[in-house]
Every structure is written in C-alpha cells, then in structure tokens.
Amino acid sequence: MMSDPFALDDEPSDPPPAAVSPSAAWLDGLNPEQRQAVETTEGPVLVLSGAGTGKTRVLTTRLAHIIASGKARPWNILAVTFTNKAAREMRERVGGLVGGAAEQIWLGTFHALGAKLLRRHAGLVGLDSGFTILDTDDQLRLLKQVMEAEGVDGKRWPPQALMHTIQRWKDQGKPPARLKEDEGGDFAEGRAVALYRLYQERLRTLNACDFGDLLLHCLTIFQDPAHQDVLADYQRRFKYILVDEYQDTNVAQYLWLRLLAQSHRNLCCVGDDDQSIYSWRGAEVGNILRFERDFPGAAVIRLESNYRSTPAILAAASGLIGHNADRLGKTLRPGLPHADDGDKLVVRALWDGEEEARWVVEEVEAQQRRGVPLSQMAILVRAGFQTREFEERLITTGVPYKVVGGLRFYERQDSRDALAYFRVVAQPADDLAFERIVNLPKRGLGEASLQAVHLLARSQGLPLTQAARLLVETDELKPKARATLAALLADFERWRGLMAGTGPADLAQTVLDESGYTGLWQKEKSPDAQGRLENLKELVAALEEFDTLPGFLEHVALVMENDSRSDGAYLSIMTLHGAKGLEFDVVFLPGWEEGVFPHQRALEETGARGLEEERRLAYVGLTRARRRVFLSHAGNRRIYNQWQSSLPSRFLDELPAAVVEKSGETGLFGGGQGGWGGGWNGGSRAWRAEEPQAWAAPAPPEGGFAVGDKVFHQKFGTGRILNRDGNKLEIAFDKAGVKKVIDSFVSLA
DNA sequence: GATAATCCGGTTTTT
DNA sequence: CCGGATTATC
C-alpha cells in the first residue's frame, strides 16, 4: 500500500515451501464447519457465515492453509475485501500464521486491486498508467461540465440524479456501449446514455477514472476478445480466489470475479445474506443465489455457531430476521455453553429525544459503574442526525465519546485544496485539480481568464494546463492575468522538477508555501483557520510515510478512512452501517420508531425490499452486542424543528417477547403520572404475555381507549380518536390535525 | 469579483 | 429550522 503504485512488481522466485503435514496446528480449535470451510480448497465454495461465527478466522486460516500446505504460492492467491481495514487486518493475521509470505498475497479491496490491474493495462482502455482517481466531488463537477456543454437544463435534470444512474450502470458492469440508447428513460430528453458516453470521453482525456471505472475498465479488458491473453494470464496466476463480505458485491464485481475464476473455479466466497445492507449502493444479494447456479457443484457451508452473543441476544436477532421472507435461511446458535440466557434485552419508551438521550447516558454510566469499559459500549443510530442529542447529553455529563465516521480527513476542504495542488504537480492533465486551485488563493485569475483557457482547451482537445501554456504566449489575456498565469505555470514546472530529488513531504511543504496556500490560512482570522493549518501540517506529516507523491495520491484516493484507533477510553457513536463487522459488550439502539427506523424512505418504497433491508440493518445492530442490548423509542421527536409524534418501530414487536424486558416497572408514563391510559409501557405484564408476535394483534391494554374518546396529548392538545390499532391511535386533534400517537402518551380529556 | 439574498432539500456511504 | 449552493447585486 505504501509503495509506489505504478511499480509493476512481479512474483519473486524463491523455492516453494515444503509441504506441511495435513493435520497442521493452525486447524486446531476450529469447529467442524469452520474446518470444512478451511479445508475445502478445491472448487467453488460458498460459506454462509452468520454474525459472530468466526468468519475472519476462517478466511485467514484458509489463506494460511493454502500457503503452508504448499498448494499455492502467496502470489498465486487473490483475496478481496471491501474495506482497507479488513484487508489490513487479514494481512496481519495471515502474517501471524505464515510470516512474511503474507506480504506476497494479492490482497486488497476490489478497488485497490482493480486499480493495480488497471495501471498495468491502462493503455488498453485509452488511459495512461498514471491516471488520476477522482472522488465523488470531482465526478459530479465533471458531469456538470459535460451537461452544461450539452445545454442540458440542470434545474430540470439534476446532475446528481444522472451521476447516480451512471454509478448504478457501472455497478452493473455496463459501459455506454452496452446500454440501449434510451435506457436512461426521459432524463434530458432521453440523452442520459449519450451524456454518460461523453462523460466517459471526458474522463479519458483527463486521464482519469472514477471509482466505478476501476472495475469497469478491467471488465472491458477481460471481456475483449482481442485481449484474451491478459485475462488468461491472470486466470493462470490466481489459482485460489477468496472473497469477503460477498453479500455486498455488485454485478460488476461479481463478473470480475467470475472471469478470473472461470478456468480453475477455485473461488471461495464468504458472506451473510442477512447482513446485506448496501443494496442502495448497487450491492446485489442475488449474487449469493446466483453462485450455485453459475458454479454448479459448489460446496455450501453454513457457519451458525455464534461465539459472540448471549443466547437471549441471539434469540432476539433470530426472531427479528425471521420476519424476512427473502433469505437463504440460517439460524444462529450459541457456539459455547452458557450458564443462562443472559440478560433480557431492554426496551424502553421515552417521552422525547432529549429524554431518550438522558436515559441512554444514564445506562452508559450505570454499565460503567459495573465495570464495563466505555470502549466496550456503543450507541448505534440509523442516521447521522441522530447523534446530536446524544453528543449534547454526553458533553453535559462529561462522558468521553467519539462519533465514528462523519467527515473524513481527506474530504475536508483544506485537504482537498492541498491535494489539488499535488495532483496538478503529479498529473498535469488533471483539469479538475487545476480548476480548483488556479485562483486559490485569489490571484486575479477569475472567470474571464479561465473561460479563455477553457475555450482553447476545448477547441484543441487539450488539458487545461497545456492550453494555458499556449495561451500565455498570446495576447489573448489582459497583461496582468497573463503574467499571473505564466508565473503559476512556471511554479508548476519548478515543482515538477523537484519531484525527482525531493521527498514527497518536503515537496508538499514547498508547494503549499510557495503557492500561497499556507499563507491564505495564516492571514485568515476566522476561528477555524488555526485548525486548517493544523490539518495541513497533518497532511504533510502523512506524506512522510510515502516514497513518492503518486503513491500518496493513490492512497488518498483508495483509502478514504479515518485512522481512528479504537483504543481510547471513549464511548462510540456511529451509524448502524458503520458498525458492521464490529462488536461491543453493550450496545444501545435508540430511535426505534416508525419513520426513523425503519426509515421513512424505505417504507415509501414499493414492495418489501426496502423494509427487509431495514430489518437486516436491525439484525446487524443486535448482533453487534456480546452481552447487553438497550433499545429505545421516543414518543415525540423534533424533526426540522417540528414536533412529530412517532410510533414504536414494528421491529420492536418482532423481537420474541420471552427475551425482552420493558424497562422500569413504574413505567415512565404509567402509574402515578395521572391517567396516562396504561399503555403498553404500564408495566412488563402485557409485554411478557405469551409469544404472540408480529402480525398478531397485541393484547389491548386494560382500560384502553375507544374510538370516539376525547383525549388530551401534551404536545398536540385535545382531540378525538378516529381509529385504533392496538396501542396505536389515530387522533383528530383540534389544533394539530390528524396524528398517529401511541396510547401511552394521551389521557382521557 | 466579492458579498448578500434566496431557494431547496434534508438516509445509509466500506471505495 | 439550518446549511449549502446558486443567484442577485453592488
């Protein structure tokens, strides 16, 4: 990762290791299924591995097994992950088993491996091996430019929408040539595919790729009959292929794998259909189902012994996910004997979001007092905006916390500006980077001057830097602009000249100082200027670890992660998506309300697909916990500063009653508060009643309301009940209109 | 070419 | 209601 990405390393040729005895030590301690997954090396294998069933262990042991038993040399193995973190972890763990050989494995993310292959064969798709990898921001800007040039009304046809469509096409492995011209529907009067084609052409002239291209271009090469030798070479090279998080692969990735594995068919995919939560990004759970069809005779191995969670948590997760119809079917069972089922899952109803936050933080502190370290606890939310209330509460109580995810270092404005300078230096054809910094800091090269450069570049089909170089030879520009631009170009040249002799960190510092970018923030008096300067320092420091500037840029493009070490003593707050693959002793799952979780947008979708994905997300959340789960929902929530009442999530009803406990026997709104109607929170009685879950109507609360009753609600005032569905009421309020409310929150008026 | 005014949208986001 | 992004205005 840290070396020069353009280096065309090839396999070293040391002698093969001696074959090791078949009953090797690394197989010890695996359960029979795990062992089977490790030892079934030949032919297609699908490992369905539930949460907490030792997936990573199986993957790493399998790699070690193949190497140590002499079946293949490390460089004959291709191992693909989704995140850099997973790749790093895997390499470390394999290294622990087989030592330095782990370094030689072709191991990385789909995108990193795609980039590596593509740099070798860039010429075959009209690129130079030093191509730039654009981030989403640049992609959008580029597409906007294309649409503008084509006279497409960006108001009527938002570029974002087309960007999304193009990304989905790329996820499906479809370049423009493989699309019907009208595939984009009405968009821009049916010109979506044409715009896609133009966008791809622009990328090529800029010598750039977007993320999707890293795989799509590979596919194009692999599928081209004229380059069968290239594919054949890799097919021969990669004798064993391993894929992690298989449920998250998209069609392009699937095709990529299938082509590579076609001849020897030693393809092992590990995944869990119940944890597929990225379909909105193009992931196809269908790839799992397809597997057995495309690779007949595939061994299917199920890992169902869970070594992470208590029986109660497993029962809750299984009960919930059992409501999904579209799944392969897998049941988690405790992998180790347990003395008891463990604590029940706590479900708590709160008045509003603020109170929910207060309760959660109180429980966090209570757990802390019982000896659970903060680092072993996490609050998992559905969406980013939910973190605010918890942060506020944690700040006032002084509990250390960290919001995991959020803005990433290289995505910050200052980082991106600085990176644009580096990109222009490293890759003169990078127009997007050029545009970003040509007038930053302000040097009087405004729209007019830039327009002239653009015009020339367009007419001559040249990159902007090159067009600018021609332009400064003419009298096209005003003398001042001409001189400024000439000076800037001279700077670029000088910096490029330094590339060979100067370390990347020193070079970066020089570029930032001489360009005036550092000065821009030094002059700035705004409170965040200091922070930005520190970011720049950090950026330069990060460069120390790299041998070359292009190497660093590759890292930045492909490794968009926060290197947040999870060691400190703080509570983690993150989205459910961000929590996949992690585990904690105690997990808090707030905001289980209809419209929040499951999210409104998922509910509005037609069919059950969206809802099932939300449910898988809930399953992921539950299965993060080793010992305890605290769920909650608030009756009222302020969204966009408007009070909205919300009903408890249907997912709460889907948790088997036997393992759930409604917290607080007094109930927050139950007895004592004066006629809160004794809703389901009135105590644990109703909830503990038998097992009738899901669609069975919940038992009506004693002293429940009837249609027509006049009731009072704290936030909405008085109203009359229109409809009643169990404890959920539809009420026509005198002032607030018709609202759905849970009965615990109203009283007879 | 830089500020002020206004309009829009406001899940999730491994790369 | 807040924030950003585009537009209007000086």
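This section describes the fold of chain A, selected packing sites and the surroundings of two DNA strands. The model is predicted.

Chain A contains 29 helices and 23 strands. Of its 749 residues, 53% count as buried. Contacts between residues at least 6 apart in sequence were examined for their sequence range. Of these, 75% join residues at least 24 apart.

Helix 11 spans residues 251-261. It is largely enclosed by the rest of the structure, because 10 of its 11 residues are buried. The buried set comprises V251, A252, Q253, Y254, L255 and W256, together with L257, L259, L260 and A261. A side-chain contact is found at the start of helix 11. There, a side-chain oxygen of N250 comes within 3.1 Å of the backbone nitrogen of A252.

Helix 18 (residues 447-460) packs against helix 19 (residues 464-471). The angle between them is about 110 degrees, and their axes lie 8 Å apart. The two helices are therefore roughly perpendicular to each other, since angles of 65 to 115 degrees fall in that class. Helix 18 contributes A452, V453, H454, L456 and A457 to the contact. Helix 19 contributes L464, A467, A468, L470 and L471. By class, the residues of this contact are nine nonpolar and one polar, with no charged residue.

Two individual residues were examined in more detail. K330 sits in the loop between helix 13 (311-321) and strand 10 (333-334). Its relative accessible area is 8%, so K330 is buried, the limit being under 20%. The side chain of K330 makes a polar contact with the side chain of D272, at 2.6 Å. D272 is also among the residues that K330 touches beyond four places in sequence. The others are L48, G50, D273, D274, R302, L303 and E304.

F651 lies in helix 28 (residues 650-653). Its relative accessibility is 0%, and it therefore counts as buried. Beyond its neighbours within four places in sequence, F651 is in contact with L320, W592, F597 and P598. L611, E614, R615 and A618 complete this set of contacts. F651 and E594 are 57 residues apart in sequence. Their C-alpha atoms are 8.9 Å apart in space.

DNA strand B has 27 residues around it. Of these, Y278, R281, R408, K442 and T575 come nearest. The surface near DNA strand B divides into eight nonpolar, 10 polar and nine charged residues. Among the DNA strand B atoms within 4 Å of the protein, 53% belong to sugar or phosphate. The rest belong to bases.

Several side chains approach the bases of DNA strand B. R281 places a polar side-chain atom 2.4 Å from a base nitrogen. R382 has a polar side-chain atom 3.1 Å from a base oxygen. For W280, an N or O atom of the side chain is 3.3 Å from a base oxygen.

DNA strand C is surrounded by K144, K155, Y640 and N641. By class, the surface near this strand has one nonpolar, one polar and two charged residues. K144 approaches the backbone of DNA strand C: one of its polar side-chain atoms lies 3.2 Å from a phosphate oxygen.

Conventions: Residues numbered from 1 in each chain as written. Chains lettered and ligands numbered in written order. Predicted model: local features only at pLDDT ≥ 70, side-chain atom pairs only at ≥ 80, totals over all residues. Heavy atoms only, no water. Helix = DSSP H or I, 4+ residues; strand = E, 2+ residues; numbered from the N terminus. Buried < 20%, exposed > 50% of the residue type's maximum accessible area, 1.4 Å probe, protein only. Polar contact = N/O pair within 3.5 Å; in protein donor to acceptor, adjacent residues only side chain to side chain. Contact = heavy atoms within 4.5 Å. Near = heavy atom within 4 Å. Nonpolar A, V, L, I, M, F, W, Y, C, P; charged D, E, K, R; others polar. Axes fitted to C-alpha atoms, helices over the stretch in contact; angles between N-to-C directions. Parallel < 35°, antiparallel > 145°, perpendicular 65-115°, else oblique.
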